[in-house]
Amino acid sequence: MNVQKEQDRKKLDDKVLTMPWYVQQFIDYKLPDLSPSTLLEYIRDYETFFNWLRAEGLSAAPDNGKVTLEELEVLRMEDVVSYRLYLTTRRESANSKITVSRKLSSMRSLFHYLSQIAEDDNFYPLLKRNIMAKVEIKRIHKPKDTAAKLKGKILEEDELLEFIGYIMDGYAKDVANNKQALHAHELNKERDACIASLILNSGLRVSEVVNLNVDDLDMNNKMLYVYRKGNNDETFKTPVYFREQARDDLAQYLTLRQSRYKVPKREKALFAALPNGQQEGGRMTKRAIQAMIIKYAKRFGKPYLTVHKLRHSFATDYYLQNDIYKTKEQLGHASTETTEVYAHLTDKTMSEAIERRLEP
C-alpha cells in the first residue's frame with residue numbers, strides 16, 4: 001500500500017468507529033472498490049450530516065454513533081432541503097455547489113445501500129423508506145465549464161520551461177534581500193525545480209509524486225512506476241513516461257539527494273526534506289509540495305497556479321500533440337470524459353491549426 005493510502009486507511013479505521021454500525025457495514029462493503037481516501041471523505045460527509053441531524057433535533061442520539069435507522073427512515077423532503085440550505089449558507093464555511101453535490105451524493109450512496117443492498121436477519125432491507133432516492137443531483141462540473149475556469153490559470157507553451165528556470169534561478173533574484181528565503185532556496189532549488197519539471201513533463205498527480213521511491217525510476221527508458229488513483233491493486237504500479245527535460249532535472253537532483261538531505265539508507269522516498277533541527281531527512285509531504293509550488297507561482301506572476309494546475313498545464317500541452325486516448329492513459333483518467341477538458345482548453349489552438357491547413 002502506498003504512503004498516502006496507509007495514512008488515509010489509518011484515519012479511516014479511527015473515524016469509522018465514531019459512526020453508527022450500519023455506516024461501518026457500508027464502509028466495509030465499499031472498501032474493496034473504493035480507495036481509503038474516498039471513503040474517508042464519505043465518513044466526513046456523514047459526520048457533517050449526523051451533526052446537523054442532532055443539532056436540528058431530528059435525532060435524539062447523544063453522539064453520531066447512536067443515530068438510528070428509524071430516524072433516517074422518517075426524514076421528510078423538507079428536511080433534505082433544509083440540510084442543502086445549511087450546507088450552502090452556514091457561516092463557518094459555506095460550501096460550493098460542487099461540494100454540496102458531492103456531499104448529497106455521499107448520502108445517496110449510503111441510503112441506496114441501506115434500502116437496496118443490505119438486509120436484516122429476516123432478509124428485509126435495513127431501510128424501508130429512502131428519502132434520498134427523491135433527491136436529484138445535477139451534474140455541476142461539465143468539461144467545458146472546467147476548461148473555461150482553467151483558461152489563463154495554467155502554463156502555456158514556453159511558460160512551462162520558463163517556470164522551471166524561474167525556480168532554479170529567477171526566484172533568487174526576487175528574494176535577494178531576504179537572507180532566510182535566499183538560504184532556503186539555495187538549499188532546495190534543484191529539488192524544487194525537479195518536482196515541477198517532473199509534473200510538467202509527465203502529468204503526475206501530487207499524491208503520485210509524494211509516493212515515488214528511488215527504485216520506481218527507470219532513467220534509461222524515461223519511465224517511472226506509480227500507484228494510480230482508483231487502482232486498488234496494491235501489488236501493481238503503472239508505468240508512466242516522462243520527457244527528456246525531466247530526466248536531466250532528475251539526474252541533477254539525484255546527485256545531491258543523499259548529501260543535501262541526509263537521507264538514511266532505509267528511506268526509499270525519491271523526494272526528501274530535511275526539517276530544521278533534524279539529523280535525518282524523510283519523505284516530503286503533500287502539503288509541503290503544494291506550498292512550495294504556490295510560493296514560486298506567486299513570485300512568477302501566476303498566483304492561481306497550483307500543483308494540480310501544473311498537471312493541467314502538461315495535459316493541455318500533451319493533448320496538442322496526441323489524441324484524447326493517449327492523453328487519458330498518460331494522465332491515468334478512468335474515463336475520456338474527464339480528459340475532454342483539454343479538448344475544450346485547446347479549442348482556439350486547434351481551430352487556428354485547421355485554418356492554416358485550409359490555406360492554399
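## Helix H9: span, kink and cap

In this predicted model, helix H9 covers residues 179–200. Its 22 residues, taken at 1.5 Å a residue, should span 32 Å, and the end C-alpha atoms lie 29 Å apart, which agrees. Have a look along the helix, too: H9 has a kink of about 65°, and the kink is centred on Asn188.

At the N-terminal end of H9, Asn178 serves as the cap. A side-chain oxygen of Asn178 sits 3.2 Å from the backbone nitrogen of Gln180.

## H9 against H14

H9 also meets helix H14, which runs over residues 307–319. Their axes come within 8 Å and cross at roughly 45°. Angles of 65 to 115 degrees count as roughly perpendicular and those under 35 as roughly parallel, so H9 is oblique to H14.

On the H9 side, the contact is made by Ala196, Ile199 and Leu200. H14 brings Val307, Leu310, Arg311, Ser313 and Phe314. Sorted by class, this contact has 6 nonpolar residues, 1 polar and 1 charged.

## H2 against H6

Now for another helix pair. Helix H2 (residues 21–30) packs with helix H6 (residues 97–117) at an angle of about 90°, and their axes are 10 Å apart. That angle makes H2 roughly perpendicular to H6.

Tyr22, Val23, Gln25, Phe26 and Tyr29 are the residues that H2 contributes to the contact. From H6 come Ser109, Leu110, Tyr113, Leu114 and Ile117. By class, the contact of H2 with H6 holds 8 nonpolar and 2 polar residues, with no charged ones.

Note on methods. Residues are numbered from 1 along each chain as its sequence is written. This is a predicted model: local features need pLDDT of at least 70, side-chain atom pairs count only at pLDDT 80 or more; totals for chains, interfaces and linings use all residues. Side-chain values use heavy atoms; hydrogens and water are left out. Helices (H or I, at least four residues) and strands (E, at least two) are DSSP runs, numbered from the N terminus. The expected span of a helix is 1.5 Å times one less than its number of residues. The bend at a residue is the angle between axes fitted to the seven residues ending there and the seven starting there. A polar contact is a pair of N or O atoms within 3.5 Å; within protein, one must be able to donate a hydrogen and the other to accept it, and residues adjacent in sequence count only if both atoms are side-chain atoms. Axes are lines fitted to C-alpha atoms, for helices over the stretch in contact, and angles run from 0 to 180 degrees between N-to-C directions. Angles under 35 degrees count as roughly parallel, over 145 as roughly antiparallel, 65 to 115 as roughly perpendicular and the rest as oblique. Contact means heavy atoms within 4.5 Å. Ala, Val, Leu, Ile, Met, Phe, Trp, Tyr, Cys and Pro count as nonpolar, Asp, Glu, Lys and Arg as charged, and the others, Gly among them, as polar.
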